[in-house]
Amino acid sequence: MNKSRVLFYAVAGVIAISQVGCQPSSDTGGTTTSGVVSKTGKRFKVGVSIPAADHGWTAGIKYWADQATKLNPDIDWVIQDSKESSAQISDLENMQTQGVDALVILATESGPLTPIAKKLHDAGILIVNVDRGFLEPVADVFIEGDNKAFGRKSAEYMVKKLGGKGKIAILEGIPSTVNTDRVNTAKEIFKANPGIQIVAEDSGMWNREKAEKVMTNMLVTNPQIDAIWAADDDMALGVETALKAAGRNKNVWILGGGGMKDIVKRMMDKDPLYPADITYPPSMIGFGIQTAAGILRAGKDNAKKYVPRHLMIDLDLITPENAKDYYFPDSIY
């Protein structure tokens with residue numbers, strides 16, 4: 001089964017945590033739309049701060065955030081998205097002013113968001129960090145994909161498919177713990193295989209248009225590129241556009257990541273440009289939202305008995321042989 005579906009439905013386990021310490025509304029005199037209230041009878045308010053939906057994966061984040069909050073109508077939700085770190089910091093400060101009890105944060109960038117997350121945590125707000133980690137362990141719970149495994153599995157596949165020899169280009173993403181883990185681990189694999197030459201490296205910022213421009217420049221200065229490690233499906237599509245514009249989309253292939261349905265379908269159709277992909281489900285934001293809701297209902301101290309501080313999601317290598325198991329045409333991403 002597709003890991004994004006598994007992850008989203010796995011939140012049922014976290015919902016069970018939320019029942020610890022909950023009481024029927026008749027016991028407290030309080031009422032909520034779900035029929036349960038906290039130990040104190042308080043109706044909670046939770047902020048969800050995410051990057052703007054400027055590419056497919058973040059559009060998936062927004063979709064799954066909306067779906068998860070609908071499962072918790074007894075909580076007041078504030079969802080805001082931001083294009084820049086400065087705007088996200090301002091959003092978080094505004095949420096604090098609104099009196100949120102918890103924050104679910106997927107950072108635009110790890111570095112700039114760490115100080116404000118620490119400040120809010122020190123102020124007593126529950127912090128659930130999803131995907132792009134902070135540079136200090138300030139979150140109560142951190143949920144991420146195994147990005148070192150992402151880098152390792154993708155790089156190992158690339159080395160094997162190239163027969164241990166070839167010229168490759170690397171496109172990095174937005175500065176964050178996600179990007180650092182993926183890139184550094186992949187480069188360790190490439191370094192261990194001296195037949196693999198990294199002839200170009202730049203950041204496509206996980207953005208299709210930016211990746212197209214970066215790839216265009218790489219093609220100008222490198223007459224031979226055998227494969228592109230793009231580490232993101234949106235960037236992979238930008239790379240493809242650049243390759244086609246330069247007439248160099250033959251005898252080359254791209255390895256992105258994320259499990260975008262359009263890429264998976266291309267793999268099912270045996271498109272030589274896309275021989276493999278790595279899963280990275282945006283539905284993980286739903287797990288973060290359910291975790292925050294469950295901890296608040298159970299009480300922070302009580303919930304610490306049940307919820308690990310760090311939760312890591314395993315990632316899968318998708319190939320044409322198993323692509324049908326990861327293809328959902330009605331998916332947002």
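## Overview

Strands are DSSP runs of E with at least two residues, helices are DSSP runs of H or I with at least four, and both are numbered from the N terminus. The model described here is predicted. Its protein chain contains 13 helices and 14 strands.

Of the 333 residues in the protein chain, 56% are buried. Among contacts with a separation of 6 or more, 75% are between residues 24 or more positions apart. The exposed surface of the protein chain comes to about 13,900 Å², of which carbon and sulfur atoms supply 51%.

## N129 and its surroundings

N129 is part of strand β6, which covers residues 126–130. The relative accessible area of N129 is 1%, and the residue therefore counts as buried, the limit being under 20%. A polar atom of the N129 side chain lies 3.1 Å from the backbone oxygen of I105.

I105 also appears among the residues that N129 touches. Leaving aside residues up to four places away in sequence, the list is I105, F134, A139, V141, F142 and I143. V141, F142 and I143 belong to one side or the other of strand β7, with V141 and I143 on one side and F142 on the other.

## Strand pairing

Strands β6 and β7 run parallel and are joined by 3 bridges. In this pairing V128 stands opposite V141 of β7. Strand β7 also pairs in the parallel sense with strand β13 (residues 310–313), over 4 bridges. There I143 stands opposite L311 of β13.

Strand β7 spans residues 141–145, and 5 of its 5 residues are buried. The cover extends to both faces: V141, I143 and G145 are buried on one side, and F142 and E144 on the other.

Another parallel pair is formed by strand β8 and strand β9 (residues 196–203), with 7 bridges between them. K167 stands opposite Q197 of β9. Strand β8 itself covers residues 166–172 and is mostly covered, with 5 of its 7 residues buried.

## Helix α10

Helix α10 runs from residue 233 to residue 245 and has 13 residues. Its first and last C-alpha atoms are 19 Å apart, close to the 18 Å expected at 1.5 Å a residue. At the N-terminal end, D232 acts as a cap, with a side-chain oxygen 3.0 Å from the backbone nitrogen of D234. G247 follows the helix, and its phi is positive, near 70 degrees.

Helix α10 is mostly covered, with 10 of its 13 residues buried. The buried residues are D233, D234, M235, A236, L237, G238, V239, E240, A242 and L243. Residues three or four places apart in an α-helix point the same way, because there are 3.6 residues a turn.

## Helix α12

Helix α12 comprises residues 284–298. The span expected for its 15 residues at 1.5 Å a residue is 21 Å, and the end C-alpha atoms are in agreement at 21 Å apart. The helix is largely enclosed by the rest of the structure, because 15 of its 15 residues are buried. After the helix comes G299, with a positive phi near 95 degrees.

Q290 is located in this helix. With a relative accessible area of 2%, Q290 is buried. The C-alpha atom of Q290 is 9.7 Å from that of V104, although the two residues are 186 residues apart along the chain.

## Nonpolar cores

The largest nonpolar core has 86 residues, and the members that touch the most others are F190, I228 and I285. Helix α12 gives the most to this core, with 9 residues. A second, separate core has 16 residues, among them L92, V100, I116 and V138.

Which residues does I285 touch, not counting residues up to four places away in sequence? They are I50, I61, W64, A65, V104, L106 and V130. V104 is also the residue whose C-alpha atom is separated from that of Q290 by 9.7 Å.

Technical notes. Residues are numbered from 1 along each chain as its sequence is written. This is a predicted model: local features need pLDDT of at least 70, side-chain atom pairs count only at pLDDT 80 or more; totals for chains, interfaces and linings use all residues. Side-chain values use heavy atoms; hydrogens and water are left out. The expected span of a helix is 1.5 Å times one less than its number of residues. Buried means under 20% relative accessible area, exposed over 50%, partly exposed in between (1.4 Å probe, protein chains only). A polar contact is a pair of N or O atoms within 3.5 Å; within protein, one must be able to donate a hydrogen and the other to accept it, and residues adjacent in sequence count only if both atoms are side-chain atoms. Contact means heavy atoms within 4.5 Å. A nonpolar core is a set of buried Ala, Val, Leu, Ile, Met, Phe, Trp, Tyr and Cys residues joined through side-chain atoms within 4.5 Å. Accessible areas come from the Shrake-Rupley method with a 1.4 Å probe; for residues, only the protein chains shown count as cover. Two strands pair if DSSP finds at least two bridges between them.
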